[in-house]
Amino acid sequence: MSSAPSFRDWRRSLKDRLPYVRRRVHASLERRYARLTGALGMGEPRAADVALTVLGPIRPGDAGELCLFLGHQATPALKPHVAAHVTALLDRGVRVVLVLNTDLPADTLRIDPAFADRLDGLLIRQNLGYDFAGWAHAHAVVSPQLRAQRLYLVNDSIVGPLDGAAFDRLLARVRSSRADVVGLIEAPMPRPHLQSFFLAFNARALTGGLAPFFREVLCFADKGTVVDVYETHLTQRLRRAGFTCEAVFPTADPYAGWEQLVADGFPYVKSRALAEHRRHPAVARLVPPHLLAD
C-alpha cells in the first residue's frame with residue numbers, strides 16, 4: 001500500500017517529461033487531419049470546376065495592373081465597402097475584375113450598372129473553396145484574355161481605404177518595390193507568411209509562381225484548411241522557388257493593434273476588428289461613415 005503513492009508520483013513525473021499532447025488537443029488535431037486528408041484524397045473539386053456566371057464580360061488586352069477582387073456575397077446588394085474599395089483602385093488606374101462567391105442566383109444580385117461598366121469583368125461564382133479557389137478560378141477564366149504586368153489579389157476582409165492619401169502612399173510603395181511579391185502584413189505564425197487579404201505579384205512571380213500554384217487549388221469546405229494549405233504555405237513556396245517577398249507593414253497585428261496600424265499609414269481596418277471594436281471612439285474618427293454601412 002505504501003508504494004502506491006510513490007508509483008503514481010513516478011508516473012506523473014515520467015509523463016511530464018514525455019513529448020505528448022493532451023487528449024483533447026490530440027482529438028482536435030485528429031479531426032483536422034482527417035478533414036485535410038479526406039479532402040485531398042476524396043475528390044474535392046478543383047477551383048475551376050464549380051459553376052461560374054460571367055455577368056460582365058472580360059475585356060481582353062494587356063493591362064499594366066489588374067486586380068482580382070474577391071468578395072463573399074450573402075445578400076443581393078453589394079457591400080458598400082467593396083464598392084468603395086474597387087472604385088478607389090479603378091480611380092488609380094488599376095483594372096479590376098470583381099469575383100463574387102455567393103449562394104444566390106446571379107440574376108438576383110443588384111450591381112449598379114455604372115459601377116459594373118467600369119469593371120473589366122464581373123464573375124459570379126458558386127460559393128465553394130473560399131478566397132483562394134475564387135482567385136484561382138477567376139485567373140483561369142481571365143488570364144487567356146487579359147494579361148497583366150502586376151496582379152493584385154484583394155479580398156473583402158479589409159474595410160477601406162480609410163484615407164485617400166494613405167492609400168496613394170501604399171500603392172506607390174507597392175509599385176516601387178523590387179520584390180516579386182508584396183503583401184501588407186507578414187504573420188509570424190504558424191510559419192512566416194504574407195497575409196492574403198492584399199497581395200501584389202509582378203509578372204515574373206505571376207507566371208512562374210502563382211499560375212502553377214493556382215492550377216493546384218481545390219475547393220476545400222473548411223476555412224481553416226484553406227488557411228493551412230494555401231495562405232500559410234504560399235509565401236514559403238514562392239521563396240523556395242527563388243521569388244522575393246516583402247511586407248509593407250512587417251509583423252504588425254491587424255486585430256489587436258489596428259488603431260496604431262492605421263496611425264502608421266495602414267489605410268484599412270480588418271472587418272473582424274471593426275466588428276469587435278465598433279463602439280471604440282477611434283472608429284468614428286478613423287472610419288468614414290459610408291464604410292460602416294454594412
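Which residue's side chain meets that of arginine 239 in a salt bridge? In this predicted model, the partner is glutamate 186, with N and O 3.0 Å apart. The two residues bring together distant parts of the chain, since arginine 239 belongs to helix H8 (residues 223–240) and glutamate 186 to strand S8 (residues 186–187), a separation of 53 residues. Their surroundings can be described in turn. Arginine 239 is partly exposed, at a relative accessible area of 29%, whereas glutamate 186 is buried, at 15%.

This pair belongs to a wider set, as a search of the whole structure returns 12 salt bridges. Another of them is formed by the side chains of arginine 95 and aspartate 120, with an N to O distance of 2.7 Å. Arginine 95 sits in strand S3 (residues 95–102), while aspartate 120 sits in the loop between helix H4 (113–117) and strand S4 (122–126), so this salt bridge ties together parts that lie 25 residues apart in sequence. Aspartate 120 has a relative accessible area of 5% and is buried; arginine 95, at 24%, counts as partly exposed.

A further salt bridge joins arginine 285 to glutamate 259, whose closest N and O atoms are 3.3 Å apart. Here both partners come from helices: arginine 285 from H11 (residues 281–286) and glutamate 259 from H9 (residues 258–263), 26 residues apart and in distant parts of the chain. Arginine 285 is exposed, with a relative accessible area of 59%, and glutamate 259 is partly exposed, with 32%. Salt bridges also occur as a network, which links Glu65, Arg150 and Arg175. In general terms, side chains of opposite charge can pair when their charged atoms come close.

Attention now turns to helix H7 and its packing. Within H7 (residues 203–214), the buried residues are Ala205, Leu206, Gly209, Leu210, Ala211, Phe213 and Phe214. What do these buried residues of H7 pack against? Their partners are two helices, H5 (130–142) and H8, together with strands S5 (146–155), S7 (181–183) and S10 (198–202). Helix H8 is also the element that holds arginine 239 of the opening salt bridge. At the N-terminal end of H7, asparagine 202 acts as a cap, placing a side-chain oxygen 3.2 Å from the backbone nitrogen of arginine 204.

Histidine 139 gives a view of this packing from the side of helix H5, in which it lies. Is histidine 139 buried or exposed? With a relative accessibility of 14%, histidine 139 counts as buried, because the cut-off for that class is under 20%. Leaving out residues up to four places away in sequence, histidine 139 touches Leu68, Pro144, Leu151, Leu206, Ala211 and Phe214. Among these, Leu206, Ala211 and Phe214 are buried residues of H7.

A last site is centred on serine 157, located in the loop between S5 and strand S6 (158–159). Serine 157 is buried, at a relative accessible area of 17%. The side chain of serine 157 makes a polar contact of 2.6 Å with that of asparagine 155. Which residues does serine 157 contact, leaving aside neighbours within four places in sequence? The contacts are with Phe197, Val269, Lys270 and Ser271.

Methods
Residues are numbered from 1 along each chain as its sequence is written. This is a predicted model: local features need pLDDT of at least 70, side-chain atom pairs count only at pLDDT 80 or more; totals for chains, interfaces and linings use all residues. Side-chain values use heavy atoms; hydrogens and water are left out. A salt bridge is a side-chain nitrogen of Lys or Arg within 4 Å of a carboxyl oxygen of Asp or Glu. Helices (H or I, at least four residues) and strands (E, at least two) are DSSP runs, numbered from the N terminus. Buried means under 20% relative accessible area, exposed over 50%, partly exposed in between (1.4 Å probe, protein chains only). Contact means heavy atoms within 4.5 Å. A polar contact is a pair of N or O atoms within 3.5 Å; within protein, one must be able to donate a hydrogen and the other to accept it, and residues adjacent in sequence count only if both atoms are side-chain atoms.
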